[in-house]
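User: I am new to this structure and would like to learn how to read the way its helices pack and how its pockets are lined. Could you take me through it step by step?

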Amino acid sequence: MTGRRWAVLIGVNQCGRDVQLPTLRYAEEDAQAVRRLLLDPDIGTFDDGAVKLFVGEQATWRGIKSELRDLVLDSRPSDVLLVYFAGHALVPEWSSSNQPDAYLVTADLEPDVLRREPDNGLRMAFLKRDVFEAFAGTSFMILDCCNAGVYTEAELRYTEAMQTYRAQVDRHSALLACPNGAAARESEEYRHGVLTHHLLRGLRGEAGERGKVSFAQLADFVAEQGLDPEPGRLVHTWGPTTVLTHPPASRHDRPALSAPATSGTTRPCRNPLDDLASSIIQLLGRVFNVDSRPGRQSAGSGHAERVEVIRYALEADSVAVVEISATGVGQVTSTPRFNKEELRPLLEGSLADATTGRASSPGFVISDDDGPRVLCVPLSFKDDRTVTLVVVNPALAPLDMGEPLAVMLRAIWNSDVIEHPVEAELQVLTALRTSFGRLPLALYQLAFGRYQKLINSLTMVFQPVVELDKRAAGVSVHSYEALARRRETDRRAPVSALEMAHIWGDRFIIERDSLLLVKAIQSYAAADAESPWEGTKSISINVAVRSLLSDSYLANVRSALADAHLDPRTVTLEISEQDPIRPGPDEEWLQEPLAYFHRHLTTLARDLQISFAVDDFGVGYASLARMAELPLTQIKVDRAVLHHPLAVEELELVARVARYASDQGHAPSPRPVIVEGYDGKAPVTLKQIYDLGIRHVQGYISGEVASTSLRLLDQELRERIAALVRGEDDQRQATAATGGLRGVGPAVRGRP
C-alpha cells in the first residue's frame, strides 16, 4: 500500500517575546526554500496539501503542536513525516543540568512563562515523546538552529539538550546542526543558514546517485561539507531508503519511491530487537487494540479473521495462508484482493528458500523490480509441503523489523487474537523472548503488565476431595482444591497461560501465584460463608517452589488470610513435583537443597500456621526422598500414576511412605494420600485404591465440574461411590450409571 508523505516546515526570524536573541535574516526563507524543493513538479516527492509551512508570526507553538499531533493521530505504518526547523533554540536557565531540555524558539515563545508552564512551547521532549515515538510510520527531523553566542557559558548543555530525543526511537532519523561559540550560522554569501544551504544542494541532486536522494545520503552529504562542528546524524530504520527527491520520476510516481533497496532479491530477515521496541509496541497495538481495529469480518474467530487482522496491522494490500509444494500453490484462507495466480511464480520460487532457511530464519522477503513485495513466513513443514503466511506489499516501516516481525506473525497466527486478545498478545511476546532470549525493558514491562491482567481475569473454582467409605454415610467431602479457570463452566485449566510464567522467570511465577492465592482465599471465604457445611472445610492452593522462597509471596499469604478472616489452619499450600528444589542462578544455599527447603518449610509452617502438601507426585521431579523428608501433611498422586502398568504397586509404595512416620511412632496417624484426576477412564478401581489404605480421591467422581460454590454430595451419588468401594458393581457398569463417571475426561490441574 502506498503511504502518505507529510512535511511540517518551520522558519522563525523574530524570536518570541522578550527573548534576548538576535533577529535572524534567512530562517523563514530557508523553510520556504525547502518547501519549494519538496513540491517541485520535477523532483519533489510531496503533494501540495501535505506540506505545512509555519513562518513568521504564524509560527506559533500551539499551532505547530496541534498540527503535529493531528498527523500523529492519523498516521499509518506506511506514512512518512519530515519536520524541518530553522531558527533559534533556547535552553532555560532553570532546566535540569542532569537532563537539560531545549525549546525551538517560535514567534510566540515567552521564556518567563516556561518556568511555570514548561509545556507552553515547542519542546524537544514533546517532539520525541508525543510526535516521533507515537508516529506510526517513518519520521525524519532536520534542525538548522542558530546559537548566536547568548549561551556561550552553557555550550555543553545546549549541545546535550539538542540530543534529548536521541534515546531509541526506531523508524526515526535526524540531522542536527549544533553550533557552538559565538558565530551565527547564517551566511550572507549563501543567503541561507549554512546547514540549509548544503541541504538544498543535496536535495537538488548532488547528494544522490543520478539525483535520487535518500535521507541518509542527504545527511552524509551535509556532514561532508566541512561544517564545524560536524552536524549530528541519527540514521535508523528506512533512513537509507526513503527518497526525498527523485529527478527521474515525479512525485506522482509513488511506487518507485517505495521500492526496497535490494529489488529483485530474496533477503533474510535481520534481528535488531533492541532497536525495535517502539515498533513492536505499535504493531502489538494495531493487532490487539480492539477499539482501533476494524470490525469483524466473520462471525467466528478463525483463520479468516486472523489474516484480516494481520493485513490491517501491516497495512498490506492482502494477506493469505497458502500451501506450497512441488505440485503448485493451494490457498487455505485469504483477505479480499489476494491474487494467487499473479503471485504464483514468486511463491513457487520461494519453496526452495523456505526449505533452505527453515533452520536459519523464520521468514524472508521476495521482490521484483516492478512487482509486489511479498513477506513469507513459513508456518509448518510436512514432507515437501510448506504452509506459509503470505503478506503482499506490507508497509515498509514494520517490514524492516525483519526477523522479529516474522516471529510475531507466526505467533499471531497460532493464537486466538479475537476471543483471547490479552493471552494472545502475551503469546506473541513470549515467542519473542523464546526466540531472542531477552527483550528490551519496555517490552518486558509490557509483558508483565499483560500477564497480571491475564491472571486477574481468571476465575477460581473449587473441586471437592471425596473421602471414601464402604458405607454411604461415610462418603463425604474431605476438603477442596482451588483451581483456575477462564470461566466457571470450563472443564479444563488455562494451562498455556499458567505455564507461560516459567518461560519468563521467577518474577512472573511469584506474581502468578500471589494473584491466584489472593483470589482463591477471597473467593473461598465468600463461598464458605454461603455453604451448607457447619464449620469450614480445608482448602488447598497450588504454589511453586520459587514462590515459597519469596518474601513478597509470603507477605501476600499473611495479608490475604487476615483480610478474609480465614483460619490459617484450614489452608494447605500444594508444592508441585514439577518444580525443582534448587537454588536460583544468583543464589547459594549452604545446605543440600532438600535439607535447606525442609528447614524453610518447617519455619513457614510454624510462623504462618498453614500446612504443606506435595502435589503431582509421579511426574516431573517426583522422588521418594522429597515425599518422605519434607514436612508435609498430605500427598497428592498425579493421575498419570493411575494409567501406569504398575499403578497398584506405585500407589502401594506411596501409601507405605505416607504411613512410615506413624508406623515408627513418630506421628499419631498416617499422612493422607489423595489420588487426583480420578474418573471413569482410570483402570484402577476404587476398591483397589481403598484396599491400599488410601481414603481420598479427587476428580469428576463427585458428579459435577468444579464450581464457585460449595455443595453437598447427594445421597444417590454417595451410595454409588460406596458400592464401588465395596467392589459390588463392575467398573464399566458403574461408569455408565454414575453421573460423575461419564468419561468426561481427566481433571486438569489449576496450575502447571
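Analyst: Let us begin with a pair of helices, keeping in mind that this is a predicted model. Helix 15 (residues 441-456) packs against helix 16 (residues 495-504) at an angle of about 155°, and their axes lie 11 Å apart.

User: How are helix 15 and helix 16 oriented to each other, roughly parallel or roughly antiparallel?

Analyst: The general idea is that an angle over 145 degrees counts as roughly antiparallel. Helix 15 and helix 16 are therefore roughly antiparallel to each other, and helix 15 passes helix 16 in a left-handed crossing.

User: Which residues of helix 15 and helix 16 meet?

Analyst: From helix 15 come Y444, A447, Y451, L454 and I455, and these meet A497, L498, M500, A501 and W504 in helix 16. Sorted by class, the residues of this contact are 10 nonpolar, with no polar and no charged ones.

User: At what angle do helix 9 and helix 15 pack?

Analyst: Helix 9 and helix 15 pack at about 30°, with 9 Å between their axes. Because angles under 35 degrees count as roughly parallel, helix 9 and helix 15 are described as roughly parallel to each other. The contact is built from A277, I280, I281 and L284 of helix 9 together with A442, L443 and L446 of helix 15, and its classes are 7 nonpolar, no polar and no charged residues.

User: What does the contact of helix 17 with helix 19 have by class?

Analyst: It is best to start from the geometry: the axes of helix 17 (residues 506-529) and helix 19 (residues 551-564) come within 10 Å and cross at roughly 10°, so these two helices are also roughly parallel to each other. Helix 17 contributes residues including I510, D513, S514 and L517, while helix 19 contributes residues including S552, Y553, N556 and V557. By class, this contact has 10 nonpolar, 3 polar and 1 charged residues.

User: Turning to pockets, how many residues line the second largest pocket, and which lie nearest its centre?

Analyst: A pocket can be read through its volume and its lining. The second largest pocket holds about 380 Å³ of space and is lined by 21 residues, with S75, A134, A136, Q282 and R286 nearest its centre. The elements giving two or more residues to this lining are helix 2 (61-73), helix 9 (277-288), helix 10 (303-314) and helix 12 (396-399).

User: Which helix gives the most to that lining?

Analyst: Helix 9 gives the most, with 6 residues, and the lining of the second largest pocket as a whole comprises 12 nonpolar, 6 polar and 3 charged residues.

Definitions and conventions: Residues numbered from 1 in each chain as written. Predicted model: local features only at pLDDT ≥ 70, side-chain atom pairs only at ≥ 80, totals over all residues. Heavy atoms only, no water. Axes fitted to C-alpha atoms, helices over the stretch in contact; angles between N-to-C directions. Helix = DSSP H or I, 4+ residues; strand = E, 2+ residues; numbered from the N terminus. Parallel < 35°, antiparallel > 145°, perpendicular 65-115°, else oblique. Contact = heavy atoms within 4.5 Å. Nonpolar A, V, L, I, M, F, W, Y, C, P; charged D, E, K, R; others polar. 1 Å grid on protein atoms, 1.4 Å probe; cavity = no way out; pocket = protein on both sides within 12 Å on 5 of 7 lines; lining within 4 Å. Points joined across faces, edges and corners; volume = space filled by probe spheres on them. Left-handed = near helix turned anticlockwise from the far one by under 90°.
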